[in-house]
Amino acid sequence: MTELLDDDPEPADRHPAGRLYVPVRPGPRGDTLCVFRIFRTPLGSRTAVGFTSPRRLTATLGREQAWIELAEPALRALLAPLGITLVTVDPQLSAPAPAPALLAPATPAPLTAALTAGAQAVPR
């Protein structure tokens with residue numbers, strides 16, 4: 001019988017992804033300074049995102065998304081001081097931005113009146 005020395009089904013090999021197109025947003029002053037957009041994985045970990053082509057970036061994040069081109073090792077080096085070690089390459093799904101919350105009236109009077117009137121009109 002052969003014993004497996006390493007039972008990890010997917011070793012965590014880091015292969016450089018090469019050139020990445022990284023989504024950015026305007027910096028705090030709104031000038032030419034830009035900052036990385038940081039995302040979260042489904043489990044809540046912070047991750048940077050890079051795409052292997054501008055076409056893949058726009059297909060996932062939209063045509064208006066600004067981006068910069070960086071080598072994968074440079075991206076990791078810039079993220080290290082932020083404590084972000086995870087880089088997700090070519091994610092295929094992203095959740096849409098949340099819509100602005102609509103404030104509901106404190107007392108839904110028309111709905112309450114309609115329900116009360118309907119309840120009274122039902123014969124028993």
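Okay, let's start with one tryptophan: W67 comes out partly exposed, with a relative accessibility of 36%. Bear in mind that this is a predicted model, so everything I mention is computed from it.

So what does W67 do with its ring? If you search the whole structure for aromatic pairs, you get one. That pair is Y21 with W67, and it counts as edge-to-face because the ring planes sit at 80 degrees, with the centres 5.0 Å apart; the cut-off for that label is over 60 degrees. In the chain, these two are 46 residues apart: Y21 belongs to strand β1, and W67 to strand β5, which covers residues 66–71. Now, is Y21 buried or exposed? Buried, at 9% relative accessible area.

Y21 also turns up in a core. There's a nonpolar core of five residues, and among them are Y21, F39, F51 and L57. That one lies apart from the largest nonpolar core, so let me go there next.

The largest core has ten residues. Going along the chain, you have L20, V22 and V24, then F36 and A48, then L70, L75 and L79, and finally I84 and V87. Which element gives the most to this core? That's β1, residues 19–26, with three residues. Helix α2 is also in there, supplying at least two.

V24 is a nice one to click on. Skip its neighbours within four places in sequence, and V24 still has contacts with C34, V35, F36 and R37, and also with Q65, A66, W67 and I68. So our tryptophan shows up again, as one of the contacts of V24.

Last stop, the sheet. We have an open sheet of three strands here, ordered β3-β4-β6, with mixed pairing. The edges are β3, at 38–40, and β6, at 87–89, and each of those pairs on one side only. From one strand to the next, the twist averages 50 degrees. Zooming in on β3 and β4, where β4 is residues 46–50, the pairing is antiparallel and runs over three bridges. One bridge to look at is I38, whose partner in β4 is A48. And you've met A48 already, since A48 is in that ten-residue core.

Then there's helix α2, residues 72–79, which packs on this sheet and touches β3, β4 and β6. Its direction makes about 150 degrees with that of β6. That's my tour, so over to you for questions.

Note on methods. Residues numbered from 1 in each chain as written. Predicted model: local features only at pLDDT ≥ 70, side-chain atom pairs only at ≥ 80, totals over all residues. Heavy atoms only, no water. Pairing = 2+ DSSP bridges. Helix = DSSP H or I, 4+ residues; strand = E, 2+ residues; numbered from the N terminus. Axes fitted to C-alpha atoms, helices over the stretch in contact; angles between N-to-C directions. Contact = heavy atoms within 4.5 Å. Core = buried A, V, L, I, M, F, W, Y, C linked by side-chain atoms within 4.5 Å. Buried < 20%, exposed > 50% of the residue type's maximum accessible area, 1.4 Å probe, protein only. Phe/Tyr/Trp six-rings, centres within 6.5 Å; stacked < 30°, edge-to-face > 60°.
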